[in-house]
Amino acid sequence: MSAAYVTKSPWVVHYDGSSCNGCDIEVLACLTPGYDVERFGIINCGNPKHADVFLVTGSVNEQNKGIVKQIYEQMPEPKVVVAVGICACSGGIFKDCYNVMGGVDQVIPVDAYVPGCAARPEAIIDAVVKGLGVLQAKRDAMVNKVEAPAEEAEDAKAIEAAEDAVTEEKKAVAVPPIFTMAEIKVNTMDFLKK
Amino acid sequence: MAKRTIVPFGPQHPVLPEPIHLDLVLEDETVVEAIPSIGYIHRGLEKLCEIKDFEQMVYVVERICGICSFGHGWGACASMEGALGIKIPERAEYLRTILHELGRVHSHLLWLGLMADAFGFESLFYHCWRIRETVLDLFEKNTGGRVVFSICKPGGMRKDISNENLQEMVKVLNGLKADIKEVTDTFIQDASVKNRMTGVGVLTKEEAMELCAVGPTVRGSGVRQDIRLTGDHGVYKELGFEPCVEEAGDCMARTVVRIREVFQSIELIEKAVEMIPDGPVDMKVPKKVEGEFAIRLEQPRGEAFYYAKGQGTKFLKRMRVRTPTNINIPALVKMLGGADLADVPVLVLTIDPCISCTER
Ligand code: SF4
């Protein structure tokens with residue numbers, strides 16, 4: 001856990017898109033003894049308005065996409081979205097189902113993907129910690145925006161630089177610990193072919 | 001008459017790990033009517049069997065629900081084995097029974113924790129889940145997965161579990177008993193827990209039977225109903241199984257049923273490990289399914305029904321699953337009528353809802 005990121009305790013809100021429950025209970029397992037992320041100050045709160053990190057499990061469909069969007073919009077800036085489980089990344093095993101639209105990134109921007117079916121608690125914690133890096137970058141970007149109003153040009157530059165930093169950071173972080181999304185897809189295809 | 005208000009409950013709600021939506025019609029603080037609406041997690045699994053062959057289908061069916069995933073895998077395999085007309089080796093049948101009962105221990109501990117969370121007893125929640133982690137470790141050691149195992153396949157088991165590992169499993173579980181007892185005694189004896197559960201959400205025997213409730217919900221109302229009694233799956237007949245029944249029909253009774261079942265499952269595992277025969281766990285299966293078959297299984301939440309119909313190819317024509325929460329929702333709606341608003345979370349959890357089962 002890189003302590004530099006934890007300037008305050010990040011609160012998470014969890015929503016079950018159309019998961020099989022497997023990933024949800026792993027998310028809860030992270031919070032309970034055994035993995036116990038509460039020792040880092042990470043708490044599961046039921047209210048999106050209090051949350052910094054949004055954990056989504058399961059894919060989106062017609063019925064719940066509005067709700068996922070709503071929860072995302074209710075969260076205050078800066079915020080981070082973590083897609084937990086291969087369902088939330090791409091639709092996973094249910095990709096071919098008629099009522100599955102695909103990964104959560106179809107509806108809201110996602111900052112970190114956790115592969116696995118079910119995603120292991122270690123991987124989820126890892127993703128949240130990486131998400132905290134993104135959160136910090138976003139926060140810095142916001143602060144810079146507020147603090148540098150003096151010269152228009154410099155202002156724009158600062159914002160640009162900050163945004164660049166965010167995207168850079170995102171690029172570095174959005175990649176799951178071991179594979180990129182593309183690699184996962186390729187690997188899965190290879191595996192299925194076998 | 002007091003003015004009526006409608007309070008929406010869910011789909012995103014702190015006590016709900018899964019989305020279900022209830023419109024609660026209130027008069028003051030009393031619920032007059034609850035109107036459920038579902039469909040947030042519907043995926044369309046049954047249709048998927050047209051493009052996945054019958055062996056791949058097991059992986060999909062297991063993911064109906066991550067909590068009773070072993071049971072679902074078993075149900076799917078058993079229905080396909082029936083349709084294929086094969087009988088699996090005895091050792092595989094024993095192993096399935098053992099893992100299914102282990103799944104029940106984990107599922108009930110999980111539920112006890114969520115229930116404690118619903119009435120605001122957070123440390124109890126954490127203790128239940130702490131114990132559950134040990135059970136998950138057993139699963140991980142013997143099957144390779146924590147929540148989704150994929151160890152069942154049509155024709156038997158994907159791999160054997162050695163007798164030493166089984167004996168160690170029994171040892172670990174017996175060691176857990178004291179821990180479980182300490183936690184569950186809190187449920188039964190603690191005054192604050194009693195206040196929240198005794199006499200809340202009473203479902204009489206007649207109502208339970210009329211609404212076709214299943215599983216611990218109906219057994220908590222004094223009905224001796226358990227699919228394990230029929231003996232058409234697993235080795236429950238050989239193990240001499242007798243269901244746990246409580247008479248009161250309130251939330252407390254349903255909790256006590258589940259607590260007793262945790263200990264009963266550990267005993268069943270112990271007996272099965274003593275009796276398990278040696279031999280193969282797997283057999284060759286035909287590549288094409290013809291015929292049809294239906295089987296019922298007692299899941300931690302109640303009766304689940306599986307139906308498979310072949311069409312002479314490796315693809316099934318139809319795979320149908322009916323799950324316990326689906327059947328228990330009418331009982332839940334009945335219990336909610338006349339309840340206090342503050343009791344709603346407890347009542348929703350008392351049937352042990354598994355929404356992803358319900359909607360598939
Ligand atoms: S990724 Fe797998 S375990 Fe997780 S919700 Fe999807 S199907 Fe279930």
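A salt bridge is a side-chain nitrogen of Lys or Arg within 4 Å of a carboxyl oxygen of Asp or Glu. By this criterion, two salt bridges are counted between chain A and chain B. The structure is a predicted model, in which local features need pLDDT of at least 70 and side-chain atom pairs count only at pLDDT 80 or more, while totals for chains, interfaces and linings use all residues. Residues are numbered from 1 along each chain as its sequence is written, chains are lettered from A and ligands numbered from 1 in the order in which they are written, and side-chain values use heavy atoms, with hydrogens and water left out.

## The contact between the chains

Contact means heavy atoms within 4.5 Å. The contact takes 39 residues from chain A and 39 residues from chain B. Buried area is the accessible area (1.4 Å probe) that two parts lose on being put together, summed over both. Between chain A and chain B this area is about 3,100 Å², and carbon and sulfur atoms give 62% of it. Arg120(A) and Glu140(B) form a salt bridge, with their closest N and O atoms 2.9 Å apart.

## Salt bridges within chain B

Side chains of opposite charge can pair when their charged atoms come close. Over all chains, a search of the whole structure finds 27 salt bridges. Three of the pairs in chain B are listed here.

| Pair | Closest N to O distance |
|---|---|
| Arg4(B) and Glu27(B) | 3.0 Å |
| Asp278(B) and Arg91(B) | 3.4 Å |
| Arg301(B) and Asp352(B) | 3.3 Å |

Helices (H or I, at least four residues) and strands (E, at least two) are DSSP runs, numbered from the N terminus. Buried means under 20% relative accessible area, exposed over 50%, and partly exposed in between (1.4 Å probe, protein chains only).

Arg301(B) lies in the loop between S6 and strand S7 (302–310) of chain B, and Asp352(B) lies in the loop between helix H13 (344–350) and helix H14 (355–359) of chain B, so this pair ties together parts that are 51 residues apart in sequence. Arg301(B) counts as buried because its relative accessibility is 1%. Asp352(B) is also buried, at 3%.

Asp278(B) forms its salt bridge with Arg91(B). The two partners come from distant parts of the chain, 187 residues apart: Asp278(B) is in the loop between helix H11 (251–275) and strand S6 (292–299), and Arg91(B) is in helix H4 of chain B. Asp278(B) is exposed, with a relative accessible area of 63%, whereas Arg91(B) is buried, with 3%.

Beyond single pairs, a network of salt bridges links Glu101(B), Arg104(B), Arg219(B), Asp226(B), Arg228(B), Glu261(B) and Glu298(B).

## Strands S1, S2 and S3 of chain B

Two strands pair if DSSP finds at least two bridges between them. Strand S1 (residues 4–9) of chain B pairs with S2(B) in the antiparallel sense over six bridges, and Phe9(B) stands opposite Leu22(B) in S2(B). S2(B) also pairs in the antiparallel sense with strand S3 (residues 30–37) of chain B, over seven bridges; here Leu26(B) stands opposite Val31(B) in S3(B). S2(B) and S3(B) form a hairpin with two residues between them, and Asp28(B) in the turn has a positive phi of about 55 degrees. Strand S2 (residues 21–27) of chain B is mostly covered, as six of its seven residues are buried.

The side chains of Arg4(B) and Glu27(B) meet in a salt bridge. Arg4(B) in strand S1 and Glu27(B) in strand S2 of chain B are 23 residues apart. Arg4(B) is partly exposed, with a relative accessible area of 45%.

## Aromatic rings and buried residues

Rings of Phe, Tyr and Trp (its six-membered ring) pair if their centres lie within 6.5 Å; planes under 30 degrees apart count as stacked, over 60 as edge-to-face and the rest as tilted. The structure holds six aromatic pairs over all chains. The rings of Phe139(B) and Phe149(B) are stacked, because their centres are 4.3 Å apart and their planes are at 20 degrees. Phe139(B) is in helix H5 (residues 122–143) of chain B, while Phe149(B) is in the loop between H5 and strand S4 (152–153). Both residues are buried, Phe139(B) at a relative accessible area of 1% and Phe149(B) at 8%.

Leu102(B), in helix H4 (residues 90–118) of chain B, is buried, with a relative accessible area of 0%. Leu102(B) touches several residues more than four places away in sequence, among them Phe139(B), Val135(B) and Ile269(B).
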